[in-house]
Amino acid sequence: MQIIAHRGASGLAPENTLKAIRLALELGAGAIELDVQQADGELWVFHDRRLERCTDGHGVLTRQSRAYLESLDAGQGERIPTLWQVMALIRGRCELHIELKGDHTADAVATLTRRAEAELGFTPAQWIVSSFHHPELARFALLRPEIRIGALTANLPLQLARFAERLGAWSLNCDVDFVNAELVADAHRRGLKVLVYTVDEVADRDTLEAMGVDGIFTNRPDRFS
Ligand code: G3P
Ligand code: MG
């Protein structure tokens, strides 16, 4: 079962920061997940729509200027990193799951992944691009059809894994609260992997493994090494 550090090692360091990414690498993570949003012409690694929970700033991230976002404390003195800064830190040392958090992210991620392959030693096989925003994900798949995509769902769809197959996804990424054996079996029948978020307890991992789940996103990669 693959273990993916969720927002970096976010149970041990401020989520989606360079510190959390560095820690995940030190823990030997084979894969790291992060969230990206676009603001002021830049891709920022940040989960929430608003800045309050994870920084000392205020407002909706996508409406802010680069200078304002660069000035914020994202926890323990960390800054909100750009996707490029994270790529430059990782330099092809593990797989990177890039979650497109909203509009206007697909084109920029297509451009940056190409640049990181040319300049930072990544290969196309090291990216998995995922999203709850299925139109944005479909757009990314048109731009970079050679890159694996993960179709996210936070619920149990009526037609199970059909939506992910229609998107041409490599994996169906489901919330731990909704995944069940029927969904896993249906996804596997359609040739899809099943990745589940967010799993921090070893007992839950064991249950999911018995269900046939292929990987988990965890805030505590140290518990699964
Ligand atoms: O990609 C898995 C997981 O990160 C999706 O949910 O809200 O944690 O980004 P969220
Ligand atoms: Mg995410």
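These questions and answers cover a metal site, a ligand shell and one buried residue in a predicted model.

Reader: What makes Glu33, Asp35 and Glu99 donors of the magnesium ion (ligand 2)?
Author: Their oxygens, OE of Glu33, OD of Asp35 and OE of Glu99, coordinate the ion at 1.9 to 2.1 Å. The cut-off for a donor is within 2.8 Å of the metal, so these atoms count.

Reader: How are the donors of the magnesium ion (ligand 2) spaced along the chain?
Author: They follow E-x1-D-x63-E. Aspartate 35 sits in strand 2 (residues 31-39) and glutamate 99 in strand 4 (residues 95-100). The two are 64 residues apart, and the pair links distant parts of the chain. Both aspartate 35 and glutamate 99 are buried.

Reader: How do you know that glutamate 33 makes a polar contact with ligand 1?
Author: An N or O atom in the side chain of glutamate 33 is 2.7 Å from an oxygen atom of ligand 1. The limit is within 3.5 Å, so the pair qualifies. Polar side-chain atoms of aspartate 35, at 3.1 Å, and of glutamate 99, at 2.8 Å, also face oxygen atoms of ligand 1. The protein covers 92% of the 290 Å² of accessible area that ligand 1 has on its own.

Reader: Which classes make up the shell around ligand 1?
Author: Five charged, three nonpolar and two polar residues. Among them are Arg7, Lys101, Phe132 and His47.

Reader: Why is threonine 113 called buried?
Author: Its relative accessibility is 0%. Buried means under 20%, so threonine 113 counts as buried. Threonine 113 lies in helix 4 (residues 106-119). Its contacts beyond four places in sequence are Met87, Ile98, Trp127, Arg144 and Ile147.

Terms used
Residues numbered from 1 in each chain as written. Chains lettered and ligands numbered in written order. Predicted model: local features only at pLDDT ≥ 70, side-chain atom pairs only at ≥ 80, totals over all residues. Heavy atoms only, no water. Donors = N, O, S within 2.8 Å, 3.2 Å for Na, K, Ca; no water. Helix = DSSP H or I, 4+ residues; strand = E, 2+ residues; numbered from the N terminus. Buried < 20%, exposed > 50% of the residue type's maximum accessible area, 1.4 Å probe, protein only. Contact = heavy atoms within 4.5 Å. Near = heavy atom within 4 Å. Polar contact = N/O pair within 3.5 Å; in protein donor to acceptor, adjacent residues only side chain to side chain. Areas by Shrake-Rupley, 256 points an atom, 1.4 Å probe, with all protein chains shown as cover. Nonpolar A, V, L, I, M, F, W, Y, C, P; charged D, E, K, R; others polar.
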